[in-house]
Amino acid sequence: MSTIPVYFMPGLAASSSIFERIKLDENIFEMCLLEWEIPNPRESLSDYALRISKNIKHENPVLIGVSFGGILVQEIAKHIKARKVIIISSVRSNLEFPRRMKIGKKTKAYKLIPMQLILNVEKLAKFSFGEKVNKRIKLYEKFLAVRDLGYLQWAVETVILWDRDKIDENVVHIHGDKDDVFPIKYIDKCILVKGGTHIMILNKYKWLNENLPSIILE
């Protein structure tokens, strides 16, 4: 009996190493990791999704995406047939965006984000206070893979301008009740992880390792 291919897409600018603690039974599943690529100038999300889909070598795979990666795998599923689409710490439509993101879209305030600062972890550290924030920066530094300014500007704008306004009920949504990027009060329906934050792929990996197999197979 052949294994089930499961493709993982990390969050914005992150590397696939964020999945290093995720372990699936190798007798049942084959874990495949996707990475971000630098977008072409003015590349649409649909065209980008099509390009990333070329890295998927199996038929009928399971697609799992975290945060912006969750948005991307939903777009990839328009181009290929997927056995199942699962998103973690993400959204199934722009209706689930928090108010600040909706305002940012209207006012184009996202264009004012200091991308250079975000890319420079050392400078970012100077603006951090407290042990918890410093821990986040260490994690950020470890898992930040794409340090390209053009990619970051494209990615932030692409998320804010995502035009999906209808939820695909076939998409399985796993979300933490402590997510500060996509607060749970805006999420329509999901598999709730108590205490899960936006980075629960890292600190709730035990829950995911225990529950992902049945979620994939059901």
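**Salt bridges and positive phi angles in the predicted model**

At a relative accessibility of 3%, Arg92 counts as buried. The model is predicted, and the description that follows concerns its salt bridges and two residues with unusual backbone signs.

Arg92 pairs with Glu169 in a salt bridge whose closest N and O atoms are 3.9 Å apart. The two residues belong to distant parts of the chain, 77 residues apart: Arg92 is in the loop between β4 (84-88) and α3 (99-107), and Glu169 is in the loop between α7 and β5. The salt bridge is counted because its 3.9 Å separation falls within the 4 Å limit.

A second long-range pair is formed by Arg164 and Glu75, with 3.8 Å between the closest N and O atoms. Arg164 lies in the loop between α7 (149-160) and β5 (172-176), whereas Glu75 is part of helix α2 (residues 68-76), so this salt bridge ties together parts that are 89 residues apart in sequence. Both partners, Arg164 and Glu75, are buried.

Arg51 and Glu43 also meet through their side chains in a salt bridge, with an N to O distance of 2.8 Å. The burial of the two partners is as follows. Glu43 is classed as buried because its relative accessibility is 9%, under the 20% cut-off. Arg51, with a relative accessible area of 23%, is partly exposed, since this value lies between the 20% and 50% limits. Through salt bridges with shared partners, Glu37, Glu43 and Arg51 are joined into one network. In total, five salt bridges are counted in the model, including the Arg92–Glu169, Arg164–Glu75 and Arg51–Glu43 pairs.

Positive phi angles were examined next. Ala13 is not a glycine, yet its phi is positive, at about 70°. Ala13 is situated in the loop between β1 (4-9) and β2 (29-33). The relative accessible area of Ala13 is 1%, and the residue is therefore buried.

Ser89, likewise not a glycine, has a positive phi of about 55°. Ser89 is located in the loop between β4 and α3, the loop that also holds Arg92. With a relative accessible area of 1%, Ser89 is buried, and Arg92 is buried at 3% relative accessibility.

Notes: Residues are numbered from 1 along each chain as its sequence is written. This is a predicted model: local features need pLDDT of at least 70, side-chain atom pairs count only at pLDDT 80 or more; totals for chains, interfaces and linings use all residues. Side-chain values use heavy atoms; hydrogens and water are left out. Buried means under 20% relative accessible area, exposed over 50%, partly exposed in between (1.4 Å probe, protein chains only). Helices (H or I, at least four residues) and strands (E, at least two) are DSSP runs, numbered from the N terminus.
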